[in-house]
Amino acid sequence: MGPFSGTYIIAQNTLNRSFLGSNFGPAEHSLITQLSGGGDGRITLDGATGLNKYLSAPYPRDVLAYSSSTVSDISSDAFAHLLDIMGHAQSARRNYGEWLAQLRHRLRAAFSIDDGAQIVFAPSGTDLEYVALAAVMGKGANGIHNVLLGADEIGSGCVHSAIGRYFATETALGAMVEPAAPVPGMGPISLVDIPVRCGAGEARASDTVTMHMAQEIEHARRAGKHCLVHGVHGSKTGLVLPGLADIKRMQERFAGDVTFVIDACQARITSEAIARYLSVGAIVLMTGSKFIGAPPFNGWAIVPGQMMQAAQPLPSGFETIFRRAEWPSDWSGAVELPDTENLSLALRLEAAVFELERFQRIDIGQVAAILAAFERALTRSLIAPLGARRIVPGGVAENMPIEMRTLATLDVSGLPGLATFDEAQAVHKELALAGVRLGQPVKCVAAPEGWGGTLRVGLSMPQIITWAQQPIDQTEIDITKDMTVISRAVQDTLATELV
């Protein structure tokens with residue numbers, strides 16, 4: 001198979017302020033409508049800008065984008081692919097279940113996933129938390145104790161879904177719900193978050209994280225609860241915690257009392273890593289809207305087969321969240337879910353699998369060469385001119401897992417106008433509206449009061465696919481130009497704000 005897995009391209013069709021009056025034809029408008037529906041309010045397009053809450057769009061745009069750590073626009077190739085799919089929309093609507101079954105088959109092939117593992121589709125990465133909870137319901141007499149890892153470095157809505165509660169005012173089925181209200185039938189769930197960083201902002205070591213996890217598992221065992229413990233493979237800053245060896249040791253120590261779920265929602269993960277997690281009985285969560293490059297919302301959970309066989313029937317409240325075809329037909333209770341279609345979700349999943357299949361055909365050596373060119377250009381043409389510092393887990397970028405080298409987190413707290421997290425957020429938004437899209441700031445740099453400013457520069461599958469079609473020297477020239485534009489845009493924005 002190909003290199004690993006994973007989101008974004010610089011495409012055509014400049015966004016104008018009156019997005020609905022652009023040069024798109026009826027077919028394009030119909031597709032855009034589909035891609036911005038079937039989820040919740042986070043992907044609704046603003047009528048003036050044509051952008052969603054993430055300042056991204058479900059159509060190709062002529063913008064400079066290294067934003068895959070937050071969200072992606074769709075590539076021009078994937079958009080064209082979906083237009084062709086929409087040409088057969090009537091057939092697609094009649095065969096939603098068959099379409100998702102085909103996508104499951106293609107995901108298995110792309111990641112070399114064993115046939116025994118099961119794939120559950122979800123409208124968003126936040127909804128995937130419900131899948132993990134459903135997989136362990138009934139394992140503890142007094143419910144579930146859910147242990148998140150680094151809530152600041154995963155999706156913000158997950159703190160609600162991870163405790164079995166609704167996180168928005170409506171679901172992907174259009175059901176109007178009350179945020180923070182319990183999803184019916186999920187039973188008692190307690191929640192705790194283990195920080196991945198110390199007070200100084202430094203990432204904790206695996207053994208430190210493991211110690212805290214073990215304490216929570218002991219607590220759950222004494223309370224008669226089954227412990228669902230989150231690891232992370234590719235956080236918002238590229239962390240991988242805890243190590244696989246530490247996961248195995250905890251499983252041996254607490255056999256039967258703990259289940260691990262790996263948050264790989266950035267999709268910066270190799271097929272080999274997925275196989276290793278599944279081999280130790282862990283659930284793997286992924287989305288297609290970040291490194292992989294499809295529009296939000298779409299995601300899937302890869303669940304070890306034996307876990308599905310032992311699972312209790314799905315809770316009644318899932319009838320407001322999921323459709324029948326999104327779950328394996330053999331999962332107990334899936335037949336009770338609404339037998340309806342979400343063409344919007346199917347199209348977004350199709351875009352994700354389309355990009356994944358293209359990416360996996362690239363030789364791993366070619367990917368490594370592109371990443372080396374990216375790191376040279378990043379250092380020379382962005383980090384040095386800004387006087388920024390790259391935050392690297394482990395200290396040396398070359399020692400990071402190859403999939404984590406697709407993301408760089410920059411400490412820009414030394415720049416006037418970017419010293420604080422709030423200032424960095426404001427600059428990030430100004431850049432995005434001006435056509436320079438980076439990953440949102442994250443809280444990983446300690447400041448005298450609060451958190452310092454950061455910016456993230458992330459590659460995507462569609463970008464790497466494009467660069468793989470040309471000589472590596474040209475790729476480095478292209479990336480160098482991009483980094484120079486970003487550097488100047490940041491400096492111009494700061495100069496304007498400081499006037």
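Okay, let's start with the sheet: three strands, in the order β10-β11-β13, make an open sheet, and the pairing is antiparallel. Before I go on, keep in mind that this is a predicted model.

So who sits at the edges? Those are β10, residues 389-391, and β13, residues 454-458, and each of them pairs on one side only. Going from one strand to the next, the twist averages 35 degrees.

Let's zoom in on one of the pairs. Strand β11 covers residues 407-411, and five bridges join β11 to β13, with the two running antiparallel. If you want a spot to click on, try Asp411: across from it, in β13, is Thr454. As a reminder, strands in a sheet pair through backbone hydrogen bonds, and they can do that parallel or antiparallel.

Now over to a pair of helices. For packed helices, people quote two things: the angle between the axes and the distance between the axes. Here we have α4, residues 96-111, and α11, residues 343-359, packing at an angle of about 20 degrees with their axes 10 Å apart. Angles under 35 degrees count as roughly parallel, so that's what we call α4 and α11. And their crossing is left-handed.

Which residues actually meet there? On the α4 side, they include Tyr96, Trp99, Leu103, Arg106 and Phe111. On the α11 side, you'll find Leu343, Glu350, Val353, Phe354 and Glu357 among them. And what kind of contact is it? The residues split into 15 nonpolar and three charged, with no polar ones. Arg106 in α4 and Glu350 and Glu357 in α11 are the charged ones.

That's my tour, thanks!

How values were computed
Residues are numbered from 1 along each chain as its sequence is written. This is a predicted model: local features need pLDDT of at least 70, side-chain atom pairs count only at pLDDT 80 or more; totals for chains, interfaces and linings use all residues. Side-chain values use heavy atoms; hydrogens and water are left out. Two strands pair if DSSP finds at least two bridges between them. Helices (H or I, at least four residues) and strands (E, at least two) are DSSP runs, numbered from the N terminus. Axes are lines fitted to C-alpha atoms, for helices over the stretch in contact, and angles run from 0 to 180 degrees between N-to-C directions. Angles under 35 degrees count as roughly parallel, over 145 as roughly antiparallel, 65 to 115 as roughly perpendicular and the rest as oblique. A crossing is left-handed if the near helix is turned anticlockwise from the far one by less than a right angle, and right-handed if clockwise. Contact means heavy atoms within 4.5 Å.
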